[in-house]
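Me: Please take a close look at one helix in this protein. I would like to know what is buried there and what covers it, then how the surroundings fit in.

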Amino acid sequence: MMGGLCSQLALLLLLFPAHGAVESQDQPVFSRIIGGQDVQEGKWPWQVSVQEDDKHVCGGSLIAAQWVVSAAHCFNPSASPSQYRVVLGAHQLANPSPHQVTREVQQIILQPSYNKTSSVADIALVRLEKPVTFTKFIQPIALPGASRQFPVGKTCWVTGWGRVEVGKPLPTPKTLQQLEVPIISTAACNDRYNSLNPNSPLGPERIKSSMLCAGYTDSPKGFCNGDSGGPLACEEGDTWYLAGAVSWFRIRNVRGELCSDPEFPGVFTRLMAYDSWIQG
Ligand SMILES: *[C@@H]1O[C@H](CO)[C@@H](O)[C@H](O)[C@H]1NC(C)=O
């Protein structure tokens, strides 16, 4: 499948727009998730499933007993918070764990600068209707603060329950997937995307300083996605930090094929850029 690109650690590329049809080649496409490996239960205890009308739509990260970070594009601006729920401590979405907890959503706060076209500020805060109790399976991830740097080449992890191939949802029992990805410089990431589409209406610098890229630019391993809104988690010392929230990546190659040239990094909302907004 896909020319053997999907080795164990490799990812399959999958990308689906979060809402509506697949977008044209020169627009960002929003990922659901990707391939990778099955996760061991309890390994990523901040991972949540954001559900709209009881269907998984996006990932998210628990940052405090009553707060989750996700992506702004995950939320339908005309929907009410009561249409969403957050499932915490889940492992296999099709096989509910005794450790999982569901919370209603009290409030969804989209970053005020969120721009759907450019994907700038693609971040949202979700306030749970009541706090959760932390357990081995439900734990917050640390925020990185405003000035922490994650160097280019550092490997971090993307996790989620997204699709594993185009048109193919994660198979039952829908076990959480993880993927190891190196951080890529903004310049290299822009170069990679510009090589695909030199005349993008978003200009040659569509990857902004408020975004973070991770994945592969020239590896036959290919990139798989991550669940939109879900975590890019980086470990430093003994602490895991939320470096990014899955925002978008390219789903079509120059021939217009989906997922057959998965050599594009994923683009994340850089949490460090929104520290003061989150703290506020
Ligand atoms: C959103 O981004 C697009 C593309 O960069 C830009 O043309 C537009 O002016 C932005 N919208 C706002 C409200 O800033």
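Reply: Helix α1 spans residues 186–196, and its buried residues are Cys189, Asn190, Arg192, Tyr193, Asn194 and Leu196. This is a predicted model. The cover over those buried residues comes from several strands. Among them are β9 (177–184) and β10 (211–214). Strands β12 and β13 (266–270) also contribute to it.

The chain around the helix holds 2 helices and 13 strands. It has 280 residues, and 55% of them count as buried. Contacts with a separation of 6 or more were also sorted by sequence distance. Of these, 72% join residues 24 or more positions apart. The accessible surface of the protein chain is about 11,300 Å². Carbon and sulfur atoms own 48% of that surface.

Now the core. In soluble globular proteins, nonpolar side chains tend to be buried together. Here the largest nonpolar core has 68 residues. Within this core, Leu62 and Leu232 touch the most other members. Strand β12 (residues 239–248) supplies the largest share of the core, 6 residues. β12 also appears in the cover of α1.

Leu62 deserves its own look. Set aside its neighbours within four places in sequence. Leu62 then contacts Trp46, Val48, Trp67 and Val68, among others. Its partners also include Leu88, Leu128, Val132, Phe134 and Ile138. Gln139, Pro140 and Ile141 are in contact with Leu62 as well.

Two of those partners lead into paired strands. Leu88 falls in strand β5, residues 84–88. β5 pairs with β6 (residues 101–110) in the antiparallel sense, over 4 bridges. Leu88 itself has Val101 of β6 as its bridge partner. Leu128 falls in strand β7, residues 124–128. β7 pairs with β6 in the antiparallel sense too, over 5 bridges. One of the β6–β7 bridges joins Gln107 to Arg127. So β6 has β5 and β7 as pairing partners, given that strands pair if DSSP finds at least two bridges between them.

Last, the ligand. The residues around it are Asn115, Ser118 and Leu202. A polar side-chain atom of Asn115 lies 2.4 Å from an oxygen atom of the ligand. On its own, the ligand has 360 Å² of accessible area. The protein covers 30% of that area.

Conventions:
Residues are numbered from 1 along each chain as its sequence is written. This is a predicted model: local features need pLDDT of at least 70, side-chain atom pairs count only at pLDDT 80 or more; totals for chains, interfaces and linings use all residues. Side-chain values use heavy atoms; hydrogens and water are left out. A nonpolar core is a set of buried Ala, Val, Leu, Ile, Met, Phe, Trp, Tyr and Cys residues joined through side-chain atoms within 4.5 Å. Buried means under 20% relative accessible area, exposed over 50%, partly exposed in between (1.4 Å probe, protein chains only). Contact means heavy atoms within 4.5 Å. A residue is near a molecule or strand if one of its heavy atoms lies within 4 Å of it. A polar contact is a pair of N or O atoms within 3.5 Å; within protein, one must be able to donate a hydrogen and the other to accept it, and residues adjacent in sequence count only if both atoms are side-chain atoms. Accessible areas come from the Shrake-Rupley method with a 1.4 Å probe; for residues, only the protein chains shown count as cover.
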